[in-house]
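Please look through the two chains shown here before reading on, and keep the view open while you follow the text.

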Amino acid sequence: MTNKVQNNINGKLNCPVPYSDYKKILLAHGSGGTLTHELITKLFVSQFDNPKLNVLHDSAVLNINGSKLAFTTDSYVVNPVFFPGGNIGSLAVNGTVNDLAMCGAKPLYISAGFIIEEGFSVEDLNLITQTMRKAADLAGVEIVTGDTKVVEHGKGDGIFINTAGIGIIREGIEILPKNCKPGDVILINGKIAEHGIAIMSKRQGFEFETEIVSDCAALNELVEEILNATQNIHMMRDPTRGGVATVLNEVASSSGCGIFIGENSIPISEQVKGACEILGFDPLYVANEGKLIVFVSPNDAEKVLNIMKNHPLGKDSAMLGIVTADNPGKVIIKTSIGTTRIVDMLSGEQLPRIC
Amino acid sequence: MKYIDEYRNHEVVKAVSQAIHKISEKYISVMEICGGQTHTILKYNFEEYLPKNITLIHGPGCPVCVTPVSIIDKAISLASRNDVVLVTFGDMLRVPGSVGDLLSAKANGKDVRMVYSPLDAVKIAGDNPEKKVVFFAVGFETTAPSNARSVIEAKKLNLNNYYLLCANMLVPPAIEALMNNKNVKIRGLLAAGHVCTVMGLKEYEIIAEKYHIPIIATGFEPLDIITGIYEAVGQIEEDRYEVVNKYSRAVSREGNLHAQKLIELVFDKTDKEWRGIGVIPQSGLKLKDEFYEFDAEKNFILDGIEVREPKDCIAGEILQGMKKPADCISFGKICNPEHPLGAPMVSPEGACAAYFRYRQVQQ
């Protein structure tokens, strides 16, 4: 069937705008920044177009026979496969659990698809699956289905894992960016940028001695405690790839509100800050795997902050900033020297500086 | 964080700002040489702290920005060879050459790797004896010593597969070229602290005397920069022109003699083309003849590359401080970080990228 006929059937043009200015996919298309967004909105969303997808939440929310389900998928391609604080297996389970939890769902079942490169160590695979089992038990989910593919040597990077998950959303819970209101308080459950720097510290060419470990963890238990305590959680998201700045920009742009944060109130460890200074990275854009950003109405902010601080995954919780009516769609930061500026979406991957 | 937070202290920076307001009367332009300083100035939105009569002009000290298209094209051409591993600093991967950039070469399956130190490139050469490993050496006096060291190391290890594609630039000749340009009106200079850490201050004393301009060795934190501006403004108001070290926790008058010796041992000075500015005499480094076997330009055939500069890009004028990014008709329209026309939109240290990211002065 030609594209033209297909277009007539669909009743609309296939690609009204050029979906990419690039002829080839670059790494930056996967960085979580503007190129990723361009790819998602112009190519995937415009092709797959439906109301459930178009919300662009961490999971799709589906009503099936009166039950509200969250459904999500994510692929894990981390290099190195083993890193301080976890491995690709713990990431694959926790990442999908967290995507479900961010929609207010109780995660239930997970699938695991393995794409393994010929020659990969069986002992390593065993270690990875052990970690997955442990992570699933901790998060209270079961890995109920899976798939295995082996590709020729050189056609994969050791191992890739895809996980999908479903969870159930309780009556009355609606976590959506559009629910954010001016005055909402923005909270985070601890120190930022630890996963990204832990990974970076082990990459070839950048090995440096550090004790920074990934924050990789399942957040569903913490989320459940928060949701049990208040009905005024408007939005939650885990700042993974693209970091805190990307999540704040996404929420600002889809809620039409402004966001104001203070540089001095961002929790960050000395080691991570030091590593970022050396590499020339802005920690606001560095990945986390065990953090969540919560948007809560001001009356309940203190209560929620206390709950977070009393949870093992939230002892360093802090208030990041507030949602404002000013500067709609933008994120503004008060710098440590007292001036203000914009925090933009990053266009590609952060690359280490020259000098 | 110790030695960082102190230099980002709100109260102290504000106090220096008030002191500047007190002494500043003349309408003047002060240039910060280094792209790292430009980045801090935009990231911390310094305009809020300076009186209206002081304009900060952003200088040519962004290594990515001034590396000419011709040599980027050579790097891309080398990267396209199947027997070559092209190694460089992260920043350099995104800079557009005549056709494409190194990231695209990598996307096309070429072996392009990024490292934090040239010594890691030497290690790659040692680990891959069947490959020719070319380190694309960009930067100023700051990266020159480690680039030199990598060649010495490769020689010591008897490696016959390590090459340097040398695009190292020198700052003082560029400052002189700027001072000789009648369209550039600068009354004070903030010299790049890390360049002074290596080279010391003597070269700048000659320039200050020759052009009657105060030169302040300045660091990169907000307090460093505002202190540098205070010193420059004070001198200009009193018609003085001295070299003053305001980055004394890193800079000495003599500089790092060991690093200077490394540069002298491996490199000769040479005329170099600066992107958007043109050839500046004795403004760059090349490998000495005795290191011939490590010189990529002498060991690979790199002729026949047609160099094309993008139209509608005023990078040259931006790099000389004659125009600001918002003066460019392409800025924020056809030129943005996803689709850069010129190098200043690429590097975090480039003036255009800093304006785009922190100001969003878009039409």
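The paragraphs below go from the chains as wholes to one strand pair and then to a contact between domains.

This is a predicted model, and its two chains can first be taken one after the other. Chain A is built from ten helices and 14 strands, and its C-alpha trace spans about 55 × 55 × 45 Å along the principal axes. For a chain of 355 residues a compact globule would have a radius of gyration near 20 Å, and because chain A has 20 Å, the two agree. Buried residues make up 45% of the 355 residues of chain A. Among the contacts in chain A with a separation of 6 or more, 81% join residues that are 24 or more positions apart.

Chain B has 15 helices and eleven strands. Its radius of gyration, 21 Å, is close to the 21 Å that the globule rule gives for 363 residues, so chain B is as compact as a globular protein of that length. The C-alpha trace of chain B spans about 65 × 45 × 40 Å along its principal axes, and 56% of the 363 residues count as buried. In chain B, residues 24 or more positions apart account for 78% of the contacts with a separation of 6 or more.

Within chain A, a useful place to look next is strand 5, residues 105-117, which pairs with strand 6, residues 142-151, in the parallel sense over nine bridges. One residue pair to find on screen is A:Tyr109 and its bridge partner in strand 6, A:Glu142. Helix 5 of chain A, residues 122-139, joins these two strands of chain A in a right-handed β-α-β unit.

The domain assignment of chain A gives domain 1, residues 50-169, and domain 2, residues 177-342, and the C-alpha centres of these two domains of chain A lie 23 Å apart. Their contact takes 21 residues from domain 1 of chain A and 20 residues from domain 2 of chain A. Which elements give two or more residues to the side of domain 1 of chain A that touches domain 2 of chain A? They are helix 4 (88-101), strand 5 and helix 5 of chain A, and of these helix 4 of chain A gives the most, with seven residues. By residue class, this side of domain 1 of chain A divides into twelve nonpolar, seven polar and two charged residues. Strand 5 and helix 5 of chain A thus appear both in the β-α-β unit and among the elements on the domain 1 side of the contact.

How values were computed. Residues are numbered from 1 along each chain as its sequence is written. Chains are lettered from A and ligands numbered from 1 in the order in which they are written. This is a predicted model: local features need pLDDT of at least 70, side-chain atom pairs count only at pLDDT 80 or more; totals for chains, interfaces and linings use all residues. Helices (H or I, at least four residues) and strands (E, at least two) are DSSP runs, numbered from the N terminus. The radius of gyration is taken over C-alpha atoms; the globule rule is 2.2 Å times the number of residues to the power 0.38. A residue is buried if 20 or more other C-beta atoms lie within 10 Å of its own, exposed if 12 or fewer, and partly exposed in between; C-beta atoms are placed from the backbone. Two residues are in contact if their C-beta atoms, placed from the backbone, lie within 7 Å. Two strands pair if DSSP finds at least two bridges between them. A crossover is right-handed if, with the strands pointing away from the viewer, the path from the first strand over the helix to the second runs clockwise. Domain bounds come from an automatic or database domain assignment. Ala, Val, Leu, Ile, Met, Phe, Trp, Tyr, Cys and Pro count as nonpolar, Asp, Glu, Lys and Arg as charged, and the others, Gly among them, as polar.
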